Amino acid sequence: MIKELKIKNFKCFESLKLDLKPLNVLMGLNGMGKSTVIQSLLLLRQSYQENGLSDLKLNGSYVTLGNGKDVLSERSENEKIEFYVKEAEGHLWVCSDYISDSDLLPNSSLENAFSKGMSSALLNDRFLYLSAYRIEPRVLYHIADEKELQRRDFGNNGELAIHYLNVYGSKNIENDCVIYNSLEDRSLNEQVKSWLSLIAPGILPQVSVNQGLRNAELRYAFREGSERTNAYKSVNVGFGITYVLPVIIALLTSKTGDLLLLENPEAHIHPAGQRWLGELIALACAGGVQIMVETHSDHIMNGIRLAVKKKKIYPDKAGIFFFYKDEEDGYKHKVILPSIDQDGRIDVWPEGFLDEWDNALLDLM
């Protein structure tokens with residue numbers, strides 16, 4: 001589990017230090033640095049997979065950042081880009097040289113100092129990332145190969161999660177904390193249906209796979225009382241249902257020691273569904289999963305706060321990071337750390353932090 005992240009001279013940050021928790025909620029207006037934090041971790045993983053971190057590979061399977069001049073902070077005092085990741089078992093430190101027109105920045109210093117036999121979840125197969133550009137309703141979906149399924153690789157956009165659900169749907173969930181309402185049926189299929197019914201009431205996903213054609217079809221039936229409707233193609237059902245399905249599958253299948261990065265999990269979901277999704281995120285963390293979630297949703301935040309009040313997760317396990325520009329300090333990008341108490345209340349409410357509802361009401365009066 002990542003305990004500390006330091007970023008120096010990367011994009012909007014001249015210098016940033018974050019003490020991370022099991023659950024980390026990144027909030028703030030657009031362009032304040034939330035995505036940069038996510039990208040820093042993805043860049044390290046991408047570079048490790050490509051070349052063992054001998055260089056920072058700016059363009060690859062996780063991020064496409066351009067070249068050196070696109071990522072060196074305008075405020076940098078030297079032409080070195082640094083990242084430091086600290087975990088209980090060791091740390092990772094990377095210091096890269098600046099080359100303005102290259103997308104491959106050589107690492108002049110590198111420490112991958114983990115205990116023998118240990119490695120960071122950021123670099124191994126205990127990692128899962130879902131971008132803001134998740135799968136949309138389609139007639140057919142590409143299916144994964146066996147190795148991708150075994151390591152629970154859903155693709156950056158969750159495009160392979162549907163195949164995973166088809167293959168492993170009968171397998172029991174390992175994280176006790178996410179089991180819905182203490183149901184005896186712990187299978188992934190049943191748990192997905194139960195949580196999806198809260199987020200999008202009455203929805204029953206159905207997946208069929210054609211191995212020969214290497215594709216999968218996703219349909220949805222609707223529960224209406226004791227009956228259910230015919231199953232409809234995903235293109236004929238609400239956009240948000242398909243968009244959130246990989247997020248639910250990822251949260252339910254994550255286990256102790258996993259690291260999960262989520263961008264805008266609330267997209268295209270009704271506010272009531274967003275609240276339940278926030279609770280599910282908190283429950284996954286309570287089971288030992290570290291999650292970093294970038295969100296603009298007060299409903300996601302409220303779901304997390306409710307999970308704290310219900311004592312599903314301890315308040316000190318959840319961290320809120322509000323990113324902003326400090327006008328009084330030359331518009332430097334900084335972060336404020338509101339905290340949640342045991343009743344789910346937040347102690348600090350900086351301007352721009354979950355205050356638009358109140359602002360709109362004042363304008364209406």
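In the predicted model, helix H5 (residues 188-199) is largely enclosed by the rest of the structure, because nine of its 12 residues are buried. The buried positions are Leu188, Gln191, Val192, Ser194, Trp195, Leu196, Ser197, Leu198 and Ile199, and the elements that cover them include helix H4 (161-168), strand S10 (203-210), helix H6 (239-253) and helix H7. The length of H5 agrees with expectation, since 12 residues at 1.5 Å a residue should span 16 Å and the C-alpha atoms at the two ends of the helix are 16 Å apart.

Helix H7 (residues 271-286), which contributes to the cover of H5, also lies across strands S3, S14 and S15, where it runs at about 155° to S15. These three strands belong to an open sheet of six, ordered S8-S14-S15-S3-S16-S17, in which the pairing is mixed. The edges of this sheet are formed by strand S8 (127-130) and strand S17 (332-336), each of which pairs on one side only, and the twist from one strand to the next averages 15°. Helix H1 (residues 34-51) likewise packs on the sheet, touching strand S3 (23-28), S8, strand S14 (259-263), strand S15 (290-294) and S16, with its direction at about 135° to that of S15. At the S17 edge, strand S16 (residues 318-326) and S17 pair in the antiparallel sense over five bridges, and Tyr324 has Lys334 in S17 as its bridge partner.

Antiparallel pairing is also found towards the start of the chain, where strand S1 (residues 2-10) is joined to strand S5 (residues 80-87) by six bridges, with Glu4 standing opposite Lys86 in S5. S1 further pairs with strand S2 (residues 13-19), again in the antiparallel sense and over six bridges, and here Leu5 stands opposite Leu18 in S2. The connection between S1 and S2 is a hairpin with two residues between the strands, and Lys11 in the turn adopts a positive phi of about 55°.

Two loop residues were examined individually. Ser102, in the loop between strand S6 (90-97) and strand S7 (104-114), has a relative accessibility of 18% and therefore counts as buried, the cut-off being under 20%. When residues up to four places away in sequence are not counted, Ser102 touches Leu58, Asn67 and Gly68. Asn124 is found in the loop between S7 and S8, and with the same exclusion of sequence neighbours Asn124 touches Arg45 and Ser119; the side chains of Asn124 and Ser119 are joined by a polar contact of 3.0 Å. By contrast, Glu224, which lies 100 residues from Asn124 along the chain, has its C-alpha atom 43 Å from that of Asn124.

A search of the whole structure finds zero disulfides. The sulfur of Cys177 has its closest cysteine sulfur in Cys285, at 10 Å, which is too far for a bond, and Cys285 is correspondingly in no disulfide, the sulfur of Cys177 being the nearest cysteine sulfur to its own. As regards accessibility, Cys177 counts as partly exposed because its relative accessibility is 32%, whereas Cys285 is buried, with a relative accessible area of 5%.

Note on methods:
Residues are numbered from 1 along each chain as its sequence is written. This is a predicted model: local features need pLDDT of at least 70, side-chain atom pairs count only at pLDDT 80 or more; totals for chains, interfaces and linings use all residues. Side-chain values use heavy atoms; hydrogens and water are left out. Two strands pair if DSSP finds at least two bridges between them. Helices (H or I, at least four residues) and strands (E, at least two) are DSSP runs, numbered from the N terminus. Axes are lines fitted to C-alpha atoms, for helices over the stretch in contact, and angles run from 0 to 180 degrees between N-to-C directions. Contact means heavy atoms within 4.5 Å. The expected span of a helix is 1.5 Å times one less than its number of residues. Buried means under 20% relative accessible area, exposed over 50%, partly exposed in between (1.4 Å probe, protein chains only). A polar contact is a pair of N or O atoms within 3.5 Å; within protein, one must be able to donate a hydrogen and the other to accept it, and residues adjacent in sequence count only if both atoms are side-chain atoms. A disulfide is a pair of cysteine sulfur atoms within 2.5 Å.
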